[in-house]
Amino acid sequence: MGIHSPSSRSFIRLENVLIIGNGGRENSLAWAIQKNELVKKVYLMPGNAGSERINKCERIKIDIDNKNELIQKLHSFKIDLVVIGPEIPLASGLADFLREKDFKVFGPNKDGAKLEFSKSWAKEFMQDANIPTANFWKVNSLEEAKKIINASPFPLVVKADGLASGKGVFIPNSKNECFKAAELIFNGKFGKSGDVVVLEEKIQGPEVSVFALCDGKRYTLLPTAQDHKRLNEKDKGPNTGGMGAYSPAPLLTKDYLDRIIVEIIEPTINELNKRNIDYRGVIYFGLMITESGPKVIEYNCRFGDPECQTIMPLMDQNFVFLLEKCSMGTLTGDEKINNSDKVSGCVIATSKGYPHEYKVGFQINIGNIDSNDCQIFDSGTSLSENGKLLTDGGRVLSIVCQDKDFDMVFEKAYKNLKKIHFEGIYFRNDIGHQVRKNFSKKN
């Protein structure tokens, strides 16, 4: 059974959608949602300088902490569906509050968001549900961490327990680097997020991303993706929030995806139900394909970035109905996503110095780009007083293209990148190297 056509759903009001967040993820969600003919307006709170370049979209300013103003504004804008993009408002319980006020919300309550905002809780959750993941140790002090690191025959992965914008994971190559990473976290690098540290056995294999839209009981899967976390080419350098991605991931054949469903996705949703967690949103499964099979590296309680920018152009206009059905708990579980038969790729242009210290406020010049199956989603931008586009973040722009194969996708993406200029622009030239046939021949 496919997604209902707009005509068969015309009795349901879905005219005004609010998206909370200010990055490339939120702009790509807005871009996908506005394609639906029932949607009249997409509001982004706060959005960024690229939000209003998207059809039907408008930025609004509301103090998210002023709950009375928030509810008043949502009523005045006649919001039919709220989509919460980032993890921080989810972790702080915004979805709980809005549901209590009878709004339809896509995004889990605080108890479900714990899958992301506490790595130790998530690891214990997986342990209880017998979900394959790396062995781990939860530690509360540097002394405790040092004992475990010393006792391990191999260097361990070191993670801040709480939210750290994708920068709280360290993959050391020596015990000394393990000590330094643990010390950095316990010394306050990530504030309260580092009060607890998770040490993990280092496992090997390619990483893939799987996304399940969940209504609390049932789920449907989006196209798979692979992203590139490391800053530099050949997957070297520090971890970032993501330097690029492609979708779908050819590595995940139907047989392998079926195994992931049985061993990971369904046990996750069953365990949430067992704990009486009514999870209505997307569950991001960050997986590693090891010699012994797929293992969970991490959960996210929101769409990945830049995977979201990569996947959204593959969605048809009925995508917003899936979000609405999740919010209402009305998925049937057999929805078919009428996604494009093309493949998609994304390259991130960053500020010099990212993911560490960087400067903002540089003018961005975008030349005559190829707009045929290509999108530019602003990730970290603002406007000057005279309307000039400026850099305003570590990750600045998401350059996304679609075509019949990955070589053509990335040829277009890098061709467009050559026409984009700002001081200190940096991007990797090898995004999608695993699936670019021409790239492997040249290198």
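In this predicted model, Pro306 is found in the loop that runs between strand β17 (293-300) and helix α10 (307-311). The peptide bond that leads from Asp305 into Pro306 is cis, and its omega lies near 25°. A second bond of this kind joins Ser247 and Pro248, where the peptide is again cis and omega is about -5°. Pro248 belongs to the loop between β15 (244-247) and α9. Most residues other than glycine have a negative phi, and most peptide bonds are trans. Against that background a further residue deserves a look, for Asn276 has a positive phi of about 60° although it is not a glycine. Asn276 is found in the loop that connects α9 with β16 (280-290).

From these loops the reader may turn to the helices. Two packed helices are described by the angle between their axes and the distance between the axes. Helix α9 (residues 254-274) packs with α6 at an angle of about 100°, the two axes being 10 Å apart. Angles from 65 to 115 degrees count as roughly perpendicular, and α6 is therefore roughly perpendicular to α9. On the side of α6 the contact is made by Phe125, Asp128 and Ala129, while α9 brings Pro267, Thr268, Glu271 and Leu272 to it. Sorted by class, the residues in this contact of α6 with α9 are four nonpolar, one polar and two charged.

Helix α6 (residues 119-129) also meets helix α5 (residues 110-117), and here the axes come within 6 Å and cross at roughly 100°. These two helices, α5 and α6, are therefore roughly perpendicular to each other. In α5 the residues concerned are Asp111, Lys114, Leu115, Glu116 and Phe117, and they meet Lys119, Trp121, Ala122 and Phe125 in α6. The contact of α5 with α6 contains five nonpolar and four charged residues, with no polar ones. Phe125 of α6 thus appears in the contact with α5 and also in the contact with α9.

Another pair of helices brings together separate stretches of the sequence. Helix α1 (residues 24-33) and helix α11 (residues 319-328) have axes 8 Å apart and pack at an angle of about 110°, which makes α1 roughly perpendicular to α11. Leu29, Ala32 and Ile33 of α1 make this contact with Phe319, Val320 and Leu323 of α11. By class, the contact of α1 with α11 has six nonpolar residues, no polar residues and no charged residues.

Leu29, which takes part in the contact of α1 with α11, is also one of the residues that line the largest cavity. Rolling a probe the size of a water molecule over the atoms shows where empty space is left. The count comes to one cavity of 30 Å³ or more, and about 50 Å³ of space lies in the largest cavity. Besides Leu29, its lining includes Val83, Ile84, Gly85 and Leu90, together with Phe106, Gly107 and Pro108, and further along the sequence Val282, Cys301, Arg302 and Phe303. Divided by class, the lining of the largest cavity has nine nonpolar, two polar and one charged residues.

Open pockets form a separate topic, and the second largest of them holds about 510 Å³ of space. This pocket is lined by 19 residues, and those that lie nearest its centre are Lys167, Phe170, Leu184, Pro238 and His356. At least two residues of the lining come from each of β8 (169-170), α8 (175-186) and β14 (236-239), and the largest share, four residues, is supplied by α8. The lining of the second largest pocket is made up of nine nonpolar, four polar and six charged residues.

Charged residues also form pairs in this structure. Side chains of opposite charge can pair when their charged atoms come close. The structure holds 22 salt bridges, and among them is the one that Lys41 forms with Glu58, in which the closest N and O atoms are 3.2 Å apart. This pair links distant parts of the chain, since Lys41 sits in strand β2 (residues 41-46) and Glu58 in strand β3 (residues 57-59), 17 residues apart.

How values were computed. Residues numbered from 1 in each chain as written. Predicted model: local features only at pLDDT ≥ 70, side-chain atom pairs only at ≥ 80, totals over all residues. Heavy atoms only, no water. Axes fitted to C-alpha atoms, helices over the stretch in contact; angles between N-to-C directions. Parallel < 35°, antiparallel > 145°, perpendicular 65-115°, else oblique. Contact = heavy atoms within 4.5 Å. Nonpolar A, V, L, I, M, F, W, Y, C, P; charged D, E, K, R; others polar. 1 Å grid on protein atoms, 1.4 Å probe; cavity = no way out; pocket = protein on both sides within 12 Å on 5 of 7 lines; lining within 4 Å. Points joined across faces, edges and corners; volume = space filled by probe spheres on them. Salt bridge = Lys/Arg side-chain N within 4 Å of Asp/Glu carboxyl O.
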